[in-house]
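Below is a short set of questions and answers on how some labels for this model are reached. Each answer sets a value against its definition.

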Amino acid sequence: MDRSATKPAVGGLADKLALVLLATGTVLTTVAFILTFTVASPVIGAKVSGVELIGDQMIGNQLLLSQKIFYFHMPVAIASMVALGGTAFFGIRFLMTRDAVYDMKAKLCTEVSLVFILATMATGEMWTRFEWGVWWTWDPRLTTYFILMLMVFGYFVLRAAVEEPERRATYASIFGIIAFVDVPISFMITRLIPSSIHPVVFRTDSGMSPDMLVPLMCSLFGFLMIAFGLYRFRVRTEALALRVEAVKDQIDE
Amino acid sequence: MAVTSHKPSTFAQYKTLLLKDLQREFRTRDMLSSMAIYALLVLVVYGAALSQTGRQFDILQMSGGLLWALIVFTSLLGLNRSFGYEKEDGCLEGILLVPLDRSVVFLAKATSNLVFLLLVEIVVLPLFYFFFLTTTAPAPTWPMMLLPLFVGTVGIAGIGTLLSTITVNTRGKDVLLAVLFIPLVFPLLYACVSATTVVVAGGDIEGIFMNSVLLAAAYDLIMVLLSWVLYDFAVSA
Amino acid sequence: MNSVLQEIYATILPSAPFVIAAYALVWLVLFVYVVYSMTRFKKVESQVGLLEQSLSGMEKTGDATASVLK
């Protein structure tokens, strides 16, 4: 066991907040889900051969339901990237302080990130299959995000391959920091390479009306809150496990 | 009689470490010969893989990708071995006992890896041409491929040096190096393949070539700087 | 329903399974992670139970030695 490990503060403000945030996040994502299918105006696709009055609007294009995937796809992707930012941050903190708590936190951040990466991949697959008609294409955005997933896998493979706790923590921190370089690349790639078929969403002229923006933001903040809540729950569990280990050692003595 | 001693300059330390690597390699030629033979074998595998393609098959469009796949796999082999030597006979412990800046160790190791990779590439390029490109005529701009080749190799050597230092202390180090290395060099690989293909097969030199080389160089810079900063932690862990 | 309306709504029904599957998969992934977290928590809980047991066992032996000493 690492001597210098401080006990993570448990039950403080962060944990009280985590419970509230988890509840709020659940409510927000549910609200987003309902708004997505009721309020958000459908996106229009190809032109049709005539015009028809639906509600109080003249519609001359196909209405697309598949775009509704986007209201959950982008928020979970952002949440996975934020969680990886946590991995890099705690990696740097670990290298500065050599405190095993930060290594544990970095590991749990990566774990949460993996969950959201899998959710992003699943929703993205559904969209790709229906809209582009293929299961996979080597589009720059898809590719950079895919290698992000491979790096997260690599992170856990690396952890499993080192026995000594201190050395494992150092190596994992280093890899977590360099793997984070891919996050801004994946985020920016649709702007850097215009030939990408993946739509660019975050920009000032995205043309999103408020009725689309509200469910999107509900979903985004909802998922970020859920991610934080899950992360704190894992931190509490692992902290408890550390305390149990410490008491066991004391009894053995 | 007073004994005078002076601390050697950083450059002298760098030169000593680099010369040590080069001298050992040129004495035994262990790594270089195995890398060259491995590259030749990959070319033979390519020959089998492409043997059923038609006569109209556009090898020029594929040559950039095939060449870079060859370079990545060959460098994986070399990187795996380059740090294995340091582990033998406690060489690394000896180096770490000397009061020198750890980043000098990184620079020396990365440079020696770069030199070996470039030497292998000098052997591999004519072979690649001989086996696959003699039936076609590469675009007249082909000598420009040396630029992405150099930029890409610098990145591979920089990232690879850090990662091979990490994986040499782990279980199943050969596989682990590939698992960590390939996703990390992927953006570099992507940019270098597009730059190489453009100059070999002909195309938009101004736009695609310059953009790709700039992207690769920027990625190089970030990765080599990060590896340089983080190397101290990796090598002393 | 006229032909124009049919064209307007043409992609809605074919895409519905994919939209539903996407939402279901997000839910499923999160659910699996929550279950995983719960099992981890249960493991730690059972460890605490073991600690309590060994602690009460120690107290008993402690009493026994105390009574012997008397």
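Q: What makes A:Ile69, A:Phe72, A:Ala122, A:Thr123, A:Met126 and A:Trp127 contacts of C:Ala22?
A: Two residues are in contact if their C-beta atoms, placed from the backbone, lie within 7 Å. Leaving aside neighbours of C:Ala22 within four places in sequence, these six names are the residues in contact with C:Ala22. The model is predicted: local features need pLDDT of at least 70 and side-chain atom pairs count only at pLDDT 80 or more, while totals for chains, interfaces and linings use all residues. Residues are numbered from 1 along each chain as its sequence is written, and chains are lettered from A and ligands numbered from 1 in the order in which they are written.

Q: What is the largest nonpolar core, and which residues have the most contacts inside it?
A: A nonpolar core is a set of buried Ala, Val, Leu, Ile, Met, Phe, Trp, Tyr and Cys residues joined through C-beta atoms within 7 Å. Buried requires 20 or more other C-beta atoms within 10 Å of the residue's own; 12 or fewer is exposed, and partly exposed lies in between. The largest such core has 140 residues, and A:Ala227 and C:Ala22 have the most contacts inside it. Helix α3 (residues 100-132) of chain A gives the largest share of this core, 19 residues; a helix is a DSSP run of H or I with at least four residues, a strand a run of E with at least two, numbered from the N terminus.

Q: Why is C:Val34 called partly exposed?
A: C:Val34, in helix α2 of chain C, has 14 C-beta neighbours inside 10 Å and therefore counts as partly exposed.

Q: How many residues of chain C are in contact with chain A?
A: 28 residues of chain C are in contact with 34 residues of chain A. On the chain C side, α2(C) gives the most, with 21 residues. That side divides into 21 nonpolar, five polar and two charged residues, where Ala, Val, Leu, Ile, Met, Phe, Trp, Tyr, Cys and Pro count as nonpolar, Asp, Glu, Lys and Arg as charged, and the others, Gly among them, as polar.

Q: Why does the radius of gyration of chain B agree with a compact globule?
A: The radius is taken over C-alpha atoms, and the globule rule is 2.2 Å times the number of residues to the power 0.38. For 237 residues the rule gives a value near 18 Å, and chain B has 20 Å, so the two agree. Buried residues make up 41% of chain B, which has eight helices and zero strands.
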